[in-house]
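Hi,

Here is the structure I said I would pass on. Have a look at it first, and then read on for what turned up.

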Amino acid sequence: MNGNEKNYEDFISTVSHELRTPLTSIRGFAQTMLTSWDKLDDGSKKKFLKIIEEQSNRLINLVENMLSATKLSQQKESIILKEIQVKSVINTVIQVVKSQYPDKIFTVKSDRNTPPVLADRDNLTRIITNLVENAAKYGDENSTILIETGFCGNDEFVSVKITNTGIGIKEEDYDKIFTKFSRLDNPLTRRVQGSGLGLYITKNLVEKTGGKISVKSTPDKDGKFLTTFEVLLPAGNIERQARSKCSM
Ligand SMILES: Nc1ncnc2c1ncn2[C@@H]1O[C@H](COP(=O)(O)OP(=O)(O)O)[C@@H](O)[C@H]1O
Ligand SMILES: [Mg+2]
């Protein structure tokens with residue numbers, strides 16, 4: 001088996017597993033509702049529908065990531081860069097991720113001088129979704145996910161930082177997590193589902209947009225780790241950039 005076949009096999013088996021888990025759950029809850037409708041109280045019905053919604057969101061996200069991965073490898077896609085307020089994308093993403101991780105608190109700190117970014121809206125949504133979803137997924141229970149946007153220190157880029165407290169990432173793994181199918185071997189990663197595709201796609205999309213992505217994980221005073229992913233995206237509106245002052 002050559003390297004490509006091996007990659008393809010890995011891809012199919014990861015994706016099949018990732019598709020099967022939410023589909024099985026959706027089918028199970030739908031069947032229960034159909035067969036036991038009269039016996040279920042309103043609270044249970046609502047809870048089951050919520051699970052169906054969450055699992056559908058998970059499927060949609062996976063399919064979107066797979067489509068992005070295919071487009072990346074084909075390099076056919078011509079992307080249209082437009083000026084977009086990153087905060088509007090962040091707010092939309094939070095609504096979706098919040099429904100899947102209701103124990104998390106999402107806080108947005110947006111410097112009012114943040115100019116629009118020059119990006120493709122679908123790609124930008126994908127970038128932010130993957131990072132916010134990871135922060136919620138790998139963040140401590142009931143913790144806060146902080147999302148900051150700013151225009152600081154550099155005239156060309158808008159910075160988007162996503163921070164969570166949790167298990168953290170060792171420095172020697174910083175590069176590894178951005179490669180295809182890589183998941184870190186720790187008890188948390190083993191417990192939560194994932195394909196290892198998210199950050200690989202995210203990095204590719206950020207670079208396609210003309211930006212950069214980096215990660216930093218440092219212990220805080222309680223021995224927990226603060227993990228921050230920072231994305232720098234090209235700012236639109238050159239005039240406004242020139243007038244803007246850093247206030248973060
Ligand atoms: N905020 C985070 N805190 C700790 N580990 C993380 C975080 N984000 C990503 N990781 C690690 O990086 C790996 C790769 O992430 P990703 O490419 O999104 O794949 P997935 O989430 O599907 O596992 C994860 O499996 C996890 O081990
Ligand atoms: Mg992920």
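Leaving aside residues up to four places away in sequence, Ser-99 touches Lys-50, Glu-54 and Asn-57. One thing to keep in mind as you read: this is a predicted model.

Ser-99 sits in helix H3. Is Ser-99 buried or exposed? Its relative accessibility is 13%, and buried means under 20%, so Ser-99 counts as buried. There is also a link to the backbone: a polar atom of the Ser-99 side chain lies 2.8 Å from the backbone oxygen of Val-96.

Now for the sheet. It is an open one with 5 strands, in the order S2-S4-S5-S7-S6, and the pairing is mixed. S2 (105-110) and S6 (212-219) are the edge strands; each has a single partner strand, so one side of each has no neighbour in the sheet. From one strand to the next, the twist averages 15°.

Helix H3, the one with Ser-99 in it, covers residues 86-100 and packs on this sheet. H3 touches S2, S4 (144-150) and S5 (157-166), and its direction makes about 175° with that of S2. Then there is helix H4 (residues 121-137), which lies across S2, S4, S5, S6 and S7 and runs at about 20° to S5.

Back at the S6 edge, how many bridges join S6 to S7? There are 8, and the two strands run antiparallel, with S7 spanning residues 225-234. If you want a spot to look at there, try Ser-214, which stands opposite Glu-230 in S7.

Cheers

Notes. Residues numbered from 1 in each chain as written. Chains lettered and ligands numbered in written order. Predicted model: local features only at pLDDT ≥ 70, side-chain atom pairs only at ≥ 80, totals over all residues. Heavy atoms only, no water. Pairing = 2+ DSSP bridges. Helix = DSSP H or I, 4+ residues; strand = E, 2+ residues; numbered from the N terminus. Axes fitted to C-alpha atoms, helices over the stretch in contact; angles between N-to-C directions. Contact = heavy atoms within 4.5 Å. Buried < 20%, exposed > 50% of the residue type's maximum accessible area, 1.4 Å probe, protein only. Polar contact = N/O pair within 3.5 Å; in protein donor to acceptor, adjacent residues only side chain to side chain.
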